[in-house]
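Hi,

Here is the structure I promised to pass on to you. Have a look at it first, and then read on for what turned up.

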Amino acid sequence: MDKLFFIEIGMGADLHGQDVTKASIRAVQNAIHHNSMPGLRSVLPGGTLDNMKVRVRLAVPCDRDKLDIDKVKAVLPYGQVTVEVIDGGMLTTSGVVLPDKDDKNDLIYIVNAAVEVGY
């Protein structure tokens, strides 16, 4: 990415079900759902959002092999999206196991996301 315009930070959790993809999607949504970029198109090459680059960094606590990156990418409506996954995030107890919520154990999965936009 030659020109970086902004970086948004988000956090997502899956309270029950131990789904790293769900927590990651929530982290990306948390990062992007509180901003608007009305002038971005005017500075992108060709004036099109297709030329926007979006780099997502996810800090996940476990289950990297179960992370569905295509589902995470689908949250971002425009641009050329890349996803980097690193160790991080957090595991903590929910204090309860709820089988009807697909709990395998009592862990809450917490994922951090950094979403960078530029071209």
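Ser 24 sits in helix α1. Keep in mind that this is a predicted model. Is Ser 24 buried or exposed? Its relative accessible area is 0%, and buried means under 20%, so Ser 24 counts as buried. If you skip its neighbours within four places in sequence, Ser 24 is in contact with Leu 58, Val 60, Leu 67, Val 72 and Val 111.

Ser 24 has company in there. The buried residues of α1 also include Val 20, Thr 21, Ala 23 and Ile 25, and further along Ala 27, Val 28, Ala 31 and Ile 32. What do they pack against? The partners are the strands β1 (4-14), β2 (53-60) and β5 (107-118), plus the helix α3 (69-74).

You can also check the length of α1 yourself. The helix has 13 residues, running from 20 to 32. At 1.5 Å a residue it should span 18 Å, and its end C-alpha atoms are 19 Å apart, which agrees. The N-terminal end of α1 has a cap, too: a side-chain oxygen of Asp 19 lies 2.9 Å from the backbone nitrogen of Thr 21.

Just before that comes Gln 18, in the loop between β1 and α1. Gln 18 is not a glycine, yet it has a positive phi of about 50 degrees. With 6% relative accessibility, Gln 18 counts as buried, because the cut-off for buried is under 20%. Asp 63 does something you can compare with this: its phi is positive as well, at about 55 degrees, and it isn't a glycine either. You'll find Asp 63 in the loop between β2 and α3.

Now for the core. The largest nonpolar core has 27 residues. Which residues have the most contacts inside it? They are Val 28, Val 54, Val 56, Leu 58, Leu 76 and Val 115. The elements giving two or more residues to this core are α1, β2, β3 (80-87) and β5, and α1 gives the most, with seven residues. Try clicking on Leu 76: apart from its neighbours within four places in sequence, Leu 76 is in contact with Val 28, Ile 32, Val 54, Val 56, Val 81 and Val 115.

Next, move past the end of α1 to Asn 35, which is found in the loop between α1 and α2 (40-43). Asn 35 has 26% relative accessibility, so it counts as partly exposed; that label covers anything between 20% and 50%. The side chain of Asn 35 points back to the helix in two polar contacts: it reaches the backbone oxygen of Ala 31 at 3.4 Å, and one of its polar atoms lies 3.2 Å from the backbone oxygen of Ile 32. Leaving aside neighbours within four places in sequence, Asn 35 is in contact with Phe 6 and Glu 8. For a sense of scale, the C-alpha atoms of Asn 35 and Lys 71 are separated by 21 Å, and the two residues are 36 apart along the chain.

Asn 35 turns up once more, at the largest pocket. This pocket holds about 270 Å³ of space and is lined by 16 residues. Which of them lie nearest its centre? Those are Asn 35, Met 37, Met 52, Pro 77 and Tyr 78. As for whole elements, α2 and β5 are the ones that give two or more residues to the lining.

Cheers

How values were computed. Residues are numbered from 1 along each chain as its sequence is written. This is a predicted model: local features need pLDDT of at least 70, side-chain atom pairs count only at pLDDT 80 or more; totals for chains, interfaces and linings use all residues. Side-chain values use heavy atoms; hydrogens and water are left out. Helices (H or I, at least four residues) and strands (E, at least two) are DSSP runs, numbered from the N terminus. The expected span of a helix is 1.5 Å times one less than its number of residues. Buried means under 20% relative accessible area, exposed over 50%, partly exposed in between (1.4 Å probe, protein chains only). Contact means heavy atoms within 4.5 Å. A polar contact is a pair of N or O atoms within 3.5 Å; within protein, one must be able to donate a hydrogen and the other to accept it, and residues adjacent in sequence count only if both atoms are side-chain atoms. A nonpolar core is a set of buried Ala, Val, Leu, Ile, Met, Phe, Trp, Tyr and Cys residues joined through side-chain atoms within 4.5 Å. On a 1 Å grid over the protein atoms alone, a cavity is a set of points where a 1.4 Å probe fits but cannot get out, and a pocket is an open set with protein on both sides within 12 Å along at least five of seven lines; lining residues have an atom within 4 Å of a point. Grid points are joined across faces, edges and corners, and a volume is the space filled by probe spheres set on the points.
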